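User: Could you take a close look at the main nonpolar core of this protein for me? I'd like to follow how the pieces come together, starting from the strands and working out to the aromatic rings.

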Amino acid sequence: MMKASKLLFFIFPLFVLVSCSKVELEEVDGGGKQPTETTDDDGDYDVEGDENSDKFFSVADFMSHDFGDKSVWVVGYIVGDCTKNIKNAEWEKPFTYDTAILLADESGETDSEKVIAIQLRAGELRELFSLHLNPDNYGRKVCFYGTKQKYLGVPGMKNDIGGYGWADE
């Protein structure tokens, strides 16, 4: 509970201070946030604010950086779903798992070494992003804010996802 209140304490000013010329975050159905403009001149995904809480990392950058216990934004395409281990990844329809999605920098990626896993706990995350429940989400660009952890045998996010949204709208 303490982590959640601290996270809200840092995220709320971020959303208030966002510059429209970089990234504008809007409400999406269910209360998540989405970037409507995401890249700057050098291809990075930026918002104004602190060093890591203000930058949208690509999947490759997210995989290669050590953020410690700090939360960061990652943006990528939904390329599959998975359960228990990356060896169980599903890369095409019909999707049968609703507990995790896989993100990559390129739509259609099927190399398990180039993806990260995002846990979809029961509730809103699962309802919005699950490929099993929403197969049309395949190939859509999304962003998540949380701490980097190993999940399903690859880098990802699982317990502390504090923000999320569609990056393709």
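Analyst: Happy to! Let's begin with a pair of strands: strand 7 and strand 8 run antiparallel to each other, paired over four bridges. Please keep in mind that this is a predicted model. Within that pairing, I101 stands opposite I118 of strand 8. Strand 8 has another partner in strand 11 (residues 154–157), this time in the parallel sense and over two bridges. Here I118 stands opposite M157 of strand 11. Strand 8 is also covered on both faces: I116 and I118 on one side are buried, and so are A117 and Q119 on the other.

Now for the core itself. The largest nonpolar core has 23 residues, and those touching the most other members are F62, I101, L103, I118, F129 and F144. Two or more residues come from each of helix 2 (59–64), strand 5 (71–83), strand 7 (100–104), strand 8 (116–119), helix 3 (124–129), strand 9 (141–147) and strand 12 (163–166). Another core, of twelve residues, lies apart from this one and includes C82, A89, V115 and L152.

F144 is a good residue to click on. Leaving out residues up to four places away in sequence, F144 touches V72, W73 and V74, then I101, L103 and I118. Its contacts also take in L125 and F129, as well as M157, I161, G163 and Y164. You'll recognise I101, I118 and M157 from the strand pairings above.

That brings us to the rings. The structure holds eight aromatic pairs. One of them is formed by F129 and Y164: the ring centres are 5.8 Å apart and the planes stand at 90°, so this pair is edge-to-face. It joins distant parts of the chain, with F129 in helix 3 and Y164 in strand 12, 35 residues apart. Both F129 and Y164 are buried. Ring pairs also gather F129, F144, Y164 and W166 into a cluster, and F144 is the residue whose contacts we have just walked through.

Two charged side chains are worth adding to your view. The charged end of R140 sits over the ring of W166, 3.7 Å from the ring centre, and W166 is part of the cluster just described. K148 lies over the face of F62, at 5.8 Å from the centre of that ring. F62, in turn, is among the core residues that touch the most other members.

Terms used:
Residues numbered from 1 in each chain as written. Predicted model: local features only at pLDDT ≥ 70, side-chain atom pairs only at ≥ 80, totals over all residues. Heavy atoms only, no water. Core = buried A, V, L, I, M, F, W, Y, C linked by side-chain atoms within 4.5 Å. Buried < 20%, exposed > 50% of the residue type's maximum accessible area, 1.4 Å probe, protein only. Contact = heavy atoms within 4.5 Å. Phe/Tyr/Trp six-rings, centres within 6.5 Å; stacked < 30°, edge-to-face > 60°. Lys NZ or Arg CZ within 6 Å of the ring centre and 35° of its normal. Pairing = 2+ DSSP bridges.
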